[in-house]
Amino acid sequence: VDMASTLAVTGIVTLTDDLIIGDGKTIGSASDVDAITIASNGQLTLTQTLIGTALDISGDIDVDGTTNLDVVDIDGESADSLLLTDSTPIKLGDSQDLEIYHDGSNSYVKDTGTGSLILATGGLFIQNAATNENMIRAVEDGAVTLYYDNAAKLDTVTGGINITGDTDTDTLTVSGNADLNGDLDVDGTTNLDAVDIDGA
């Protein structure tokens, strides 16, 4: 049947073959006649929200707006975690310079660009995962605190500190002043440019 006018049907239309509409024509409802547009290349455009129970896409997803996800599940992994292959970093920032990854043995957070890792407000705390006790604490005022048994303070260094090592010995270099409240025990040679005792 070839019809040049509008077909009005009050019941259900059942088709046993394909439904083909003209290029760029629309499918809609009485209140929204252009809810779906099908282009000549088969591209589907929706003017309303897509609501469904599942969405399976074999290609890429390009989202111009905000994506709100209740759960992210990658390759069937736990809904509470984001699991990537070892050495595959999570990259952050416009230039993707900040990387977070695990190489199979160690965990890394590094800036691969020209910047540095900066302490946020409150500083940096490295804790024992089993006891939640501090091991190293660095705060924004420049103080670095090292801890040992049962979270007791081992030492507090304010200002620059640089510890380097080689095959023979480890060297501790303090760029600022060193103030010792206790005794100083030196097993090796002590080289002093000047000795000032009680200001004398």
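Three strands form an open sheet in the order E4-E5-E6, and the pairing is antiparallel. Strands here are DSSP runs of E with at least two residues, numbered from the N terminus, and two of them pair if DSSP finds at least two bridges between them. The edge strands, E4 (90-92) and E6 (107-111), each pair on one side only. Neighbouring strands of this sheet are turned by 15° against each other on average, direction ignored; the axes are lines fitted to C-alpha atoms, with angles that run from 0 to 180 degrees between N-to-C directions.

Before I continue, a word on the source. This is a predicted model, in which local features need pLDDT of at least 70 and side-chain atom pairs count only at pLDDT 80 or more, while totals for chains, interfaces and linings use all residues. Residues are numbered from 1 along each chain as its sequence is written, and side-chain values use heavy atoms, with hydrogens and water left out.

Let us turn to the E5 and E6 pair. Strand E5 (residues 98-102) is joined to E6 by 5 bridges, and the two run antiparallel. Leu 98 has Asp 111 in E6 as its bridge partner, and His 102 has Ser 107. The hairpin of E5 and E6 has 4 residues between the strands, and in this hairpin Gly 104 takes a positive phi near 100°.

Within strand E5 we also find Glu 99. Which side chain of opposite charge is nearest to Glu 99? It is Lys 91, 4.0 Å away, yet Glu 99 is buried and has no salt bridge. Buried means under 20% relative accessible area, exposed over 50% and partly exposed in between, with a 1.4 Å probe and protein chains only. A salt bridge is a side-chain nitrogen of Lys or Arg within 4 Å of a carboxyl oxygen of Asp or Glu. For opposite charge, Lys and Arg count as positive and Asp and Glu as negative, with His and the chain ends not counted. Leaving aside neighbours within four places in sequence, Glu 99 is in contact (heavy atoms within 4.5 Å) with residues including Ile 90, Lys 91, Tyr 108 and Val 109.

A second acidic residue, Asp 32, is placed in the loop between strand E1 (26-27) and strand E2 (36-38). Asp 32 is also buried without a salt bridge, and its nearest side chain of opposite charge, Lys 25, is 16 Å away. Beyond its neighbours within four places in sequence, Asp 32 is in contact with Thr 47 and Gln 48.

Finally, Leu 119 lies in the loop between E6 and strand E7 (124-127). The C-alpha atoms of Leu 119 and Val 139 are separated by 7.4 Å, with the two residues 20 apart along the chain.
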